[in-house]
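Okay, everyone, thanks for making time. I'd like to walk you through how some helices pack in this one, and then we'll look at a pocket.

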Amino acid sequence: MTFLSSIVKTILLGIIQGITEWLPISSTGHLILFASIWPLEPATFFEVFKVVIQFGSILAVLVLYYQKLNPFDKRKSPKKRKQTLQLWSKVIVGVIPAAIIGLLLDDIIEGYLSANFVIAVALIAYGIIFILVEKNPRQEKIETIEQVDYVSALKIGCFQCLALIPGTSRSGATILGGLYCGCSRTVASEFSFFLAIPVMFGASLLKVIKYFIKVGLFSFGQLFLLLLGTFVAFVVSLFAIKALLNYVKSHDFTIFGWYRIILGIFVIIFFYVI
């Protein structure tokens with residue numbers, strides 16, 4: 001594998017990450033499927049690569065929501081500062097379930113649940129769930145991010161645990177949790193974005209530490225690929241987040257449910273039938 005080939009793969013993986021992280025269609029599932037067809041080697045590097053480039057997606061959220069997420073903005077009134085700090089405290093509450101289970105089961109998930117069949121089943125199963133949820137929508141009781149209470153944040157955080165299975169989709173699981181709690185589609189999407197910040201940062205840090213322990217330091221070429229993938233994911237995420245928020249203003253998530261089902265069936269046919 002030439003380094004130029006690795007650069008092309010890295011750019012494509014960054015684009016996939018930037019788009020699929022925020023749409024409820026599973027970024028990890030798409031990255032693993034891409035690597036099954038055109039792998040980024042060595043495999044030990046790809047395992048850390050597919051998690052670390054998520055940091056680019058986090059940066060996109062921080063840039064787009066800088067004012068909303070910054071409690072120290074001098075333009076904010078004391079009331080707004082308090083609301084921002086409360087938002088962060090709700091995010092922390094929502095992160096606790098996935099943080100605990102993720103730390104306990106990380107090796108099991110990586111070793112046994114990253115198979116293409118598991119991804120395909122998760123894609124199809126949650127695709128069906130999205131369609132059913134949209135056919136029987138709950139009454140929207142939470143129309144602004146400030147109305148999300150601590151109990152709802154914890155419930156959404158529990159839904160996020162489902163995303164530890166590749167193919168489920170972290171954003172998809174948390175959006176479903178938000179809809180279940182009575183959030184509007186916009187609020188469910190935004191709270192999903194905010195929950196991603198500590199979860200994805202923590203996951204990236206954990207993967208890097210494990211890589212250092214098992215393999216050692218990154219080579220110059222590997223570090224370049226990580227930075228390139230992260231940058232591409234950041235730029236693409238900026239557009240993907242805006243596109244999703246504009247879309248949910250006048251559409252539901254049914255199309256993503258059908259996409260998941262079709263992709264899941266394709267994966268089964270491609271890897272297990274043909």
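So, start with helix 2, residues 27–37, and helix 12, residues 254–272: their axes come within 13 Å and cross at roughly 25 degrees. One thing to keep in mind as we go is that this is a predicted model. With angles under 35 degrees counting as roughly parallel, helix 2 and helix 12 are therefore roughly parallel to each other. Their crossing is left-handed.

Who's touching whom? On the helix 2 side you've got His30, Leu33, Ser36 and Ile37, and they meet Tyr259, Leu263, Val267, Phe270 and Phe271 of helix 12. Sort the residues of that contact by class and you get seven nonpolar, two polar and no charged.

Next pair. Helix 3 covers 43–52, and it packs with helix 11, residues 220–248, at an angle of about 30 degrees, the axes being 9 Å apart. The 35-degree cut-off applies here too, so helix 3 and helix 11 are also described as roughly parallel to each other. This crossing, though, is right-handed. Helix 3 puts in Phe45, Phe49 and Val52, while helix 11 brings Gln222, Leu225, Leu226, Gly229 and Thr230. By class, we have five nonpolar, three polar and no charged residues in that contact.

Now the third pair, helix 8 (residues 150–160) with helix 9 (residues 170–180). Here the packing angle is about 145 degrees, and the axes are 8 Å apart. Helix 8 passes helix 9 in a right-handed crossing. From helix 8, Ile156, Phe159 and Gln160 make the contact, and they meet Arg170, Ala173, Thr174, Leu176, Gly177, Gly178 and Tyr180 in helix 9. The class count is five nonpolar, four polar and one charged.

Okay, on to the pocket. How much space lies in the largest pocket? About 780 Å³. Its lining has 32 residues, and if you want to find the middle on screen, look for Gln54, Asp106, Leu164, Val199 and Ala203, which lie nearest the centre.

Which helix gives the largest share of that lining? That's helix 6, with eight residues. Helix 6 runs over 78–112, and along with helix 2, helix 3 and helix 10 (185–214), each supplies at least two lining residues. So you've already met helix 2 and helix 3 in the packing part. As for the chemistry of the lining, it's 15 nonpolar, ten polar and seven charged residues.

That's my tour; happy to go back to any of the views.

Key: Residues numbered from 1 in each chain as written. Predicted model: local features only at pLDDT ≥ 70, side-chain atom pairs only at ≥ 80, totals over all residues. Heavy atoms only, no water. Axes fitted to C-alpha atoms, helices over the stretch in contact; angles between N-to-C directions. Helix = DSSP H or I, 4+ residues; strand = E, 2+ residues; numbered from the N terminus. Parallel < 35°, antiparallel > 145°, perpendicular 65-115°, else oblique. Left-handed = near helix turned anticlockwise from the far one by under 90°. Contact = heavy atoms within 4.5 Å. Nonpolar A, V, L, I, M, F, W, Y, C, P; charged D, E, K, R; others polar. 1 Å grid on protein atoms, 1.4 Å probe; cavity = no way out; pocket = protein on both sides within 12 Å on 5 of 7 lines; lining within 4 Å. Points joined across faces, edges and corners; volume = space filled by probe spheres on them.
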